[in-house]
Amino acid sequence: MRYLFVIIAICLGLTAMAQMPAPVNVETKFMQSSDTTAKIVFVVNIIPGWHVYAVDEEMATPTTLTVEDIKGCRLNGKLTADKPSIAKYDEAFMGETRFYEHSVMFTQEIVMTGDYAISGYMEYGACNNTMCLPPTAVNFSFDGKVQKTKPVVETRKQDVVAEPVVVAPVEISLADSSVEPEPVVDLWAPVSYEKPTSSESATSLWLIFWSCFLGGFLALLTPCVWPIIPMTVSFFLKRTKDKGKGIRDSFLYGLSIIVIYLVLGLAITLFAGPNALNALSTNAVFNLVFTAMLIVFGLSFLGAFEITLPSSWSNAVDQKAERTTGIISIFLMAFTLALVSFSCTGPIIGFLLVEVSTAGNLIGPAVGMLGFATALALPFTLFAMFPSMLQKMPRSGSWMMTVKVVLGFVELAFALKFFSVADLAYGWHLLDREVFICIWSALAFLLGLFLIKKINLGHANDGDSDVSAFRFVGAVASFAFCLYLIPGLWGAPLKAISAFCPPMKTQDFVVVDKTPHAQYTDYEQGMAAAKMQGKPALVDFTGHGCVNCRKMEQSVWSDPQVARMINEDFVLISLYVDDKTALAERVVIDENTILRTVGDKWSHLQRTKFSVNAQPFYTILDGDGNLLAQPYAFDESVNHFVSFLKSPANK
């Protein structure tokens with residue numbers, strides 16, 4: 001049956017290939033390594049979506065070398081590839097296949113005994129997700145005399161009907177002694193450029209503040225906090241005949257709340273420090289702990305159980321508040337509120353601190369807790385100043401439980417984001433893009449069912465089948481979001497969630513992928529390819545856990561003009577500063593700097609060469625590592641990025 005499928009695929013491929021650019025382009029080279037040895041090199045460039053099968057492939061058509069005529073030389077070993085093949089189960093062949101994507105270089109070594117002449121062909125098989133090429137032969141013929149001086153390189157190209165849409169670069173090893181020696185260039189040499197003054201840090205802190213302020217506002221709407229507001233305000237206003245003193249006490253109460261949560265944020269900042277906070281973003285242990293925390297918090301909000309602090313804590317603080325007076329009494333009352341409301345505020349605080357901490361900003365947790373506490377404290381002061389507003393407050397009811405359940409769904413959804421970071425950094429491939437989208441779609445669908453009272457969670461539905469206008473609007477939004485996610489299973493960019501979703505490269509099936517993909521993830525190899533092709537290198541310092549990197553790729557790189565320029569005019573090198581792949585050998589820079597992983601290496605390169613340690617960070621370099629344009633940081637303007645890509649040509 002599988003052979004019948006292959007025959008049909010080949011027939012379909014013949015029909016389709018007659019009307020499309022050649023998906024595979026092969027260039028042959030003869031490289032003399034010494035007076036007696038040489039190599040026949042086949043440089044295979046493959047357009048995105050296609051792959052060429054390996055030499056040791058058993059299910060599909062393998063890549064083979066056939067020599068028809070040989071004189072004055074002999075083969076030394078077998079045809080080899082310059083990089084490991086990709087192994088993956090193929091349903092069409094009902095077995096595991098081995099193949100290469102983007103580019104690969106096959107090499108056949110020969111030993112020369114005199115004037116040489118060798119001819120034959122290399123045959124390969126190529127497929128994409130819907131069709132296969134028939135076995136394709138690439139003829140070669142080389143002859144000449146052994147050169148006694150420097151190596152001779154002959155280059156001949158395969159005749160093709162049309163040039164491919166995108167030609168991936170040739171991956172060259174710097175250790176390849178067959179390449180003609182050139183002057184040694186220090187690709188790591190620091191470069192100087194005018195570092196722009198940016199308000200990005202200030203903007204980030206304001207974003208943290210207002211995000212946590214919104215979190216504090218949501219905490220107000222929970223059943224642990226909302227009913228306490230009128231009771232507390234009435235207590236301060238009634239315990240004294242002086243209205244001004246009552247307002248002042250309420251103000252001190254709100255200020256005490258801010259101080260309590262601000263101290264929490266400062267404690268996390270001082271305990272972790274800047275390096276530890278930055279490490280949180282990709283460390284597998286921390287991300288898995290965060291995942292577990294958010295799942296526990298989410299299930300708590302959904303009514304599975306309730307997280308509470310020991311009642312003895314709040315009782316002790318409350319009794320202490322009754323025995324004291326003045327500011328200390330007010331502060332202890334605020335502390336009692338923090339303890340009593342923990343079952344509702346704890347999950348929200350935990351979620352916010354996790355998000356803020358992994359942003360890597362040193363004072364982010366303190367700023368975040370300031371925003372959260374400000375929102376939490378504001379009503380106590382406002383209602384004390386304007387008591388008439390208390391009459392207009394919505395009464396407590398089942399709507400507060402609805403808020404808790406909605407927040408529970410949100411926390412479960414974001415738990416996947418943290419698991420995805422660890423999954424990408426360590427290459428586990430447990431939560432690829434389509435799995436992530438499926439789970440988010442299911443959560444959005446279930447949330448919609450809850451809001452229209454088709455399912456009951458957290459005792460939030462009171463038995464009344466009537467659906468309020470707010471729940472109806474929320475349900476429509478949930479179902480719409482579920483429908484929005486579904487096209488992502490076939491490769492839709494889903495720009496609205498690109499910051500949280502795993503990158504497109506983790507998805508198995510993509511109908512149309514307009515986003516450029518890195519041709520190299522190794523700096524030296526990519527720079528060698530850029531120099532060989534005479535193209536500038538676009539070096540992308542990125543990270544698996546970098547939210548803004550995903551935003552740039554889906555919002556800017558997917559633009560047709562940007563994608564065309566990157567694919568055609570540059571050699572794209574993406575360096576993941578959080579790649580946890582261990583280096584073959586540790587590199588000791590100094591007593592404080594030891595490079596243990598691939599990510600350590602690229603992070604050190606970014607710091608030493610560009611004096612920057614933030615991602616995303618884009619630079620354009622020539623083949624010798626010289627800067628051709630002012631580096632580019634996070635900016636979602638397509639026009640600005642196009643100007644950046646054009647800047648080397650304008651010099």
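Tutor: A cavity is a set of points on a 1 Å grid over the protein atoms alone where a 1.4 Å probe fits but cannot get out. Its volume is the space filled by probe spheres set on the points. This model is predicted: local features need pLDDT of at least 70, side-chain atom pairs 80 or more, while totals for chains, interfaces and linings use all residues. Numbering starts from 1 along each chain, and side-chain values use heavy atoms, without hydrogens or water.

Student: How much space lies in the second largest cavity?

Tutor: Start with the count: there are 2 cavities of 30 Å³ or more. The second largest holds about 60 Å³.

Student: Which helix gives the most to its lining?

Tutor: Lining residues have an atom within 4 Å of a point. Among them here are Arg433, Pro493, Met504, Arg550, Glu553 and Gln554. With 3 residues, the top giver is the helix (a DSSP run of H or I, at least four residues) at 547-557, named α14.

Student: How are α11 and α12 oriented to each other?

Tutor: Helix α11 spans residues 433-451 and α12 spans 469-485. Their axes (lines fitted to C-alpha atoms over the stretch in contact) come within 8 Å and cross at roughly 160°. Angles over 145 degrees count as roughly antiparallel. The two helices are therefore roughly antiparallel.

Notes:
Axes fitted to C-alpha atoms, helices over the stretch in contact; angles between N-to-C directions. Parallel < 35°, antiparallel > 145°, perpendicular 65-115°, else oblique. 1 Å grid on protein atoms, 1.4 Å probe; cavity = no way out; pocket = protein on both sides within 12 Å on 5 of 7 lines; lining within 4 Å.
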